[in-house]
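Work through the exercises below with the structure open beside you. Try each task before you read its solution.

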Amino acid sequence: MAASEFDVLAIGNAIVDILARAEDDLLVRLGVTKGMMRLIDAAEADRLYDMIGPAIEASGGSAGNTAAGVASLGGRAAYVGKVATDELGRIFTHDIRALGVHFATVPLEGGAPTARSTILITPDGERTMNTYLGACHALTVDDIDPAVVAAAEVTYLEGYLWDPPAAKEAFRKAAAIAHANGRKVAITLSDSFCVDRWRGEFLELMRSGTVDVVFANKEEIHALYETSDLASAVAAIRTDCALAAVTLGGDGALAVRGDETARAPATAVDRIEDLTGAGDQFAAGFLVGLTRGLDLSTAVRLGCLAGSEVIGHVGPRPSVRLADLAAAEGITIPPRG
Ligand SMILES: OC[C@H]1O[C@H](O)[C@H](O)[C@@H]1O
């Protein structure tokens, strides 16, 4: 197997976030479920924008956030996602490239605009996402560059990619190329409503070995196995997937690999400002840990550390260099072999 150029290739919906504080009663008036992601059309996105207070715009997209986190940890990241040739698309492209992430997906011309997610942050820091997918619907197999997939230790894919129909085939193509080149494939289950929509197919991906690593939070793993019992859900995922990492909010995170179990407590934060991107940064830390050969416990710890940074401020990507935080916590990230 050739030496890898990238630690992680992340593939996902390329989205610009519009983040605004909101009271709980706005969620009630909108009829949305707190903490979830719902898909909306362009008209609803415009209507919502008129209803919210002052907002902050920031590049997001779950896998994009993870690529940003990998770069912040000193890792080499690549990203695939579809933006349009519009202002938000230029902002997304600028931000991800400015972090040193390889991003070469051809933007969509003359079609739907760049995706945006209107994210309502309630006083408890919980985020509720209203996503208009726009140009993401145009991501296809043609956007997967076999050379980039082959050059990445891990290809990491969003469960959200199951929503725009053609992206699913892009996902499967990337997974096949990764495995043909001796690389690993990881997926995040993304959202419990997303799991409800695609449960059967997600389980098939794991059981068939199409994915080697799965990320889930508590709600998602409960939804996957249709149980409220965490222990039985973890027992099930241990047999269904070679490696699973489960984030547990204030209870930290765990990972299971065969008979092995690793846990880490949540890293303390002064105040939870905004939970947007917490799982994405956990994935960044955990994947960098894995690709750089750290043991499972340290990889979980690195994930918790990265996840904790992003919840201390508004926005889904790190505001400081995660590599410095890791060093301050005594976690040494080995150079790429
Ligand atoms: O995981 C958080 C991300 O999910 C959505 O894709 C938003 O863009 C946000 O940045």
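**Exercise 1.** Decide whether helix 3 (residues 62–72) is mostly covered or mostly open.

Solution. The model is a predicted one. Start with the cut-off: a residue is buried when its relative accessible area is under 20%. Next, go through the helix. Ser62, Ala63, Gly64, Asn65, Thr66 and Ala67 are among the buried residues. The list goes on with Ala68, Gly69, Val70, Ala71 and Ser72. That makes eleven of eleven residues, and helix 3 is mostly covered. Finally, look just past the end of the helix: Gly74 follows, with a positive phi near 90°.

**Exercise 2.** Check the length of helix 10 (residues 278–291) against the expected span, then judge how far the helix is enclosed.

Solution. Take the length first. Helix 10 has 14 residues, and at 1.5 Å a residue these should span 20 Å. The C-alpha atoms at its two ends are 20 Å apart, so expectation and model agree.

Now take the burial. Asp280, Gln281, Phe282, Ala283, Ala284 and Gly285 are among the buried residues of helix 10. Phe286, Leu287, Val288, Gly289 and Thr291 are buried as well. Because eleven of the 14 residues are buried, helix 10 is largely enclosed by the rest of the structure. Just after this helix, Gly293 takes a positive phi of about 80°.

**Exercise 3.** Place Glu153 in the structure and find which residues it touches.

Solution. First locate the residue: Glu153 belongs to strand 9 (residues 152–158). Then classify Glu153: its relative accessibility is 29%, so it counts as partly exposed. Partly exposed covers the range between the buried limit of 20% and the exposed limit of 50%.

Next, list the contacts, setting aside neighbours within four places in sequence. Glu153 then touches Ser4, Phe6, Asp7, Arg183, Lys184 and Thr291. Thr291 is also one of the buried residues of helix 10. For a distance to the same helix, use Leu287, which is buried there. The C-alpha atoms of Glu153 and Leu287 are 9.6 Å apart, although 134 residues separate the two along the chain.

**Exercise 4.** Ser190 and Glu226 each have a positive phi without being glycine. State where each lies and whether it is buried or exposed.

Solution. Begin with Ser190, whose phi is about 75°. Ser190 sits in the loop between strand 10 (184–188) and helix 7 (192–207). With a relative accessible area of 9%, Ser190 is buried.

Continue with Glu226, whose phi is about 50°. The loop that holds Glu226 runs between helix 8 (218–225) and helix 9 (230–240). At 61% relative accessibility, Glu226 counts as exposed.

**Exercise 5.** Describe the protein as a whole: what are its elements, and how compact is it?

Solution. Count the elements first: the protein has twelve helices and 14 strands. The radius of gyration is 18 Å, close to the 20 Å that the globule rule gives for 337 residues, so the protein is as compact as a globular protein of that length. The C-alpha trace spans about 50 × 40 × 40 Å along its principal axes.

Then look at burial and contacts. Of the 337 residues, 58% are buried. Among contacts with a separation of 6 or more, 75% are between residues 24 or more positions apart.

Last, consider surface and charge. The accessible surface comes to about 13100 Å², and carbon and sulfur atoms account for 53% of it. The protein carries 29 positive and 45 negative charges, whose mean positions are 3 Å apart.

Technical notes. Residues are numbered from 1 along each chain as its sequence is written. This is a predicted model: local features need pLDDT of at least 70, side-chain atom pairs count only at pLDDT 80 or more; totals for chains, interfaces and linings use all residues. Side-chain values use heavy atoms; hydrogens and water are left out. Helices (H or I, at least four residues) and strands (E, at least two) are DSSP runs, numbered from the N terminus. The radius of gyration is taken over C-alpha atoms; the globule rule is 2.2 Å times the number of residues to the power 0.38. Buried means under 20% relative accessible area, exposed over 50%, partly exposed in between (1.4 Å probe, protein chains only). Contact means heavy atoms within 4.5 Å. Accessible areas come from the Shrake-Rupley method with a 1.4 Å probe; for residues, only the protein chains shown count as cover. Lys and Arg count as positive and Asp and Glu as negative; His and the chain ends are not counted. The place of a charge is taken as NZ of Lys, CZ of Arg, CG of Asp or CD of Glu. The expected span of a helix is 1.5 Å times one less than its number of residues.
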